[in-house]
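User: Please examine the structure below and discuss its core and its salt bridges.

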Amino acid sequence: MRKLAILGSTGSIGTQALDVIARHSDRFAVSALVAHSSSEKLFEQVRAFHPQIAALTVEPAEIPEDIRSACQWMFGEDVLLRVVRACEADDVLVSVVGIAGLAAVMETLACGKRVLLANKEPLVAGGELVTEAARKAGHPLLPVDSEHSAIFQCLQGAQGNTPERLILTASGGPFRTWKKEDILCATKEQALRHPNWSMGRKITIDSASMMNKALEVIEARWLFDMPAEKIDVLIHPQSVIHSMVEFADGAVMAQLGTPDMRLPILYAMSWPERLSTGGKRLDFSAMNALTFEQPDLSRFPGLGLAYEALACGGTMSAVLNGANEIAVDAFLHDRIRFGQIAQLVEETMHAVPVVQHPTLDQVFESDLAARAKAQALLKTARFAL
């Protein structure tokens with residue numbers, strides 16, 4: 001019986017993790033549940049899973065009487081860190097949105113607990129620091145992203161052979177076949193209409209711009225200690241092959257499955273075992289074709305920024321991430337056009353100084369500097385609608 005703390009329990013990943021825990025209640029128990037402000041949903045989860053600790057960043061007006069004494073309650077901006085320290089968990093699933101996940105990951109490793117990583121920002125913003133902390137802790141970082149889980153699974157079957165190339169697949173999002181000029185003026189409703197996956201608003205916009213894949217390239221560089229020039233992206237609209245690994249002899253191993261996040265979530269939870277998700281299985285006889293395309297960086301310039309950030313090194317990836325969060329929020333609030341997301345990120349990257357081999361504080365300082373610069377750029381005439 002492994003005890004699991006879920007940071008971000010009311011989000012898409014968190015709710016699906018609880019779904020697989022309910023299916024395997026003989027193998028997993030919930031130690032802690034943390035949400036930002038979705039109190040009603042958290043209350044329901046507390047009733048169903050009986051955690052030791054439940055927490056909200058935003059304190060609700062009241063706790064329902066039936067669960068008031070059911071567990072320890074925590075509130076406030078620092079609940080992620082306090083819960084990680086206090087909970088009796090073997091594993092901590094980090095599925096919160098944004099750079100807040102970085103401090104939570106570092107605290108989890110410092111406490112000797114295993115990290116199940118669904119949050120991209122810790123490795124994007126602080127990859128050097130996180131991987132060194134994981135090495136010292138003696139725990140693997142277990143990826144929950146479908147693409148990184150796929151690579152991780154392929155490497156489990158590699159018998160120690162060193163990969164020569166990592167190939168991250170991408171659905172292409174809702175604008176895969178659109179002309180460049182049409183993408184530039186895409187609406188929120190169009191950008192939020194992902195063809196294959198059900199995700200939160202921020203990650204869905206990132207998928208539409210392919211900035212999500214840019215973040216995954218940076219994440220893969222640190223997670224698998226692979227130089228950027230050996231990490232490729234390939235458009236695969238069917239989302240059946242979740243990623244691939246190429247070896248010295250030209251052989252390629254791939255991980256296939258239906259587009260169901262419960263598979264990588266459960267694999268991270270049960271690794272190195274495999275348990276049933278109860279989900280739909282692949283029916284190869286029903287597949288007409290599996291197709292692949294090279295990404296078009298002129299239509300999706302955000303992807304190219306990942307390689308620029310990795311070439312620069314230091315805190316540049318943190319700058320990219322911070323600027324992108326501001327840009328996506330501005331788009332969702334009708335302050336900029338869709339095509340200006342990558343433009344705002346690029347201009348911020350070129351304006352914010354980079355620190356090589358940063359401390360954790362310097363990573364957070366670079367993130368704040370990027371956000372401030374991006375906000376300042378939003379006020380200039382060239383970003384006016």
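Analyst: The questions and answers below concern the nonpolar core and a group of salt bridges.

Analyst: This is a predicted model, in which local features need pLDDT of at least 70, side-chain atom pairs count only at pLDDT 80 or more, and totals for chains, interfaces and linings use all residues. Residues are numbered from 1 along each chain as its sequence is written, and side-chain values use heavy atoms, with hydrogens and water left out.

User: Which helix gives the largest share of the largest nonpolar core?

Analyst: A nonpolar core is a set of buried Ala, Val, Leu, Ile, Met, Phe, Trp, Tyr and Cys residues joined through side-chain atoms within 4.5 Å; buried means under 20% relative accessible area, exposed over 50%, and partly exposed in between (1.4 Å probe, protein chains only). The largest such core has 121 residues. Its largest share is 11 residues, from helix 13 (residues 316–332; helices are DSSP runs of H or I, at least four residues, numbered from the N terminus).

User: Is Glu-216, which pairs with Lys-120, buried or exposed?

Analyst: Glu-216 forms a salt bridge (a side-chain nitrogen of Lys or Arg within 4 Å of a carboxyl oxygen of Asp or Glu) with Lys-120, the closest N and O atoms lying 3.8 Å apart. The two residues are 96 residues apart in the chain. Because its relative accessibility is 1%, Glu-216 counts as buried.

User: Why are Lys-213 and Glu-216 separated by about one helical turn?

Analyst: Lys-213 also bridges to Glu-216, with 2.7 Å between the closest N and O atoms. The separation is about one helical turn because the two are three residues apart in helix 10.
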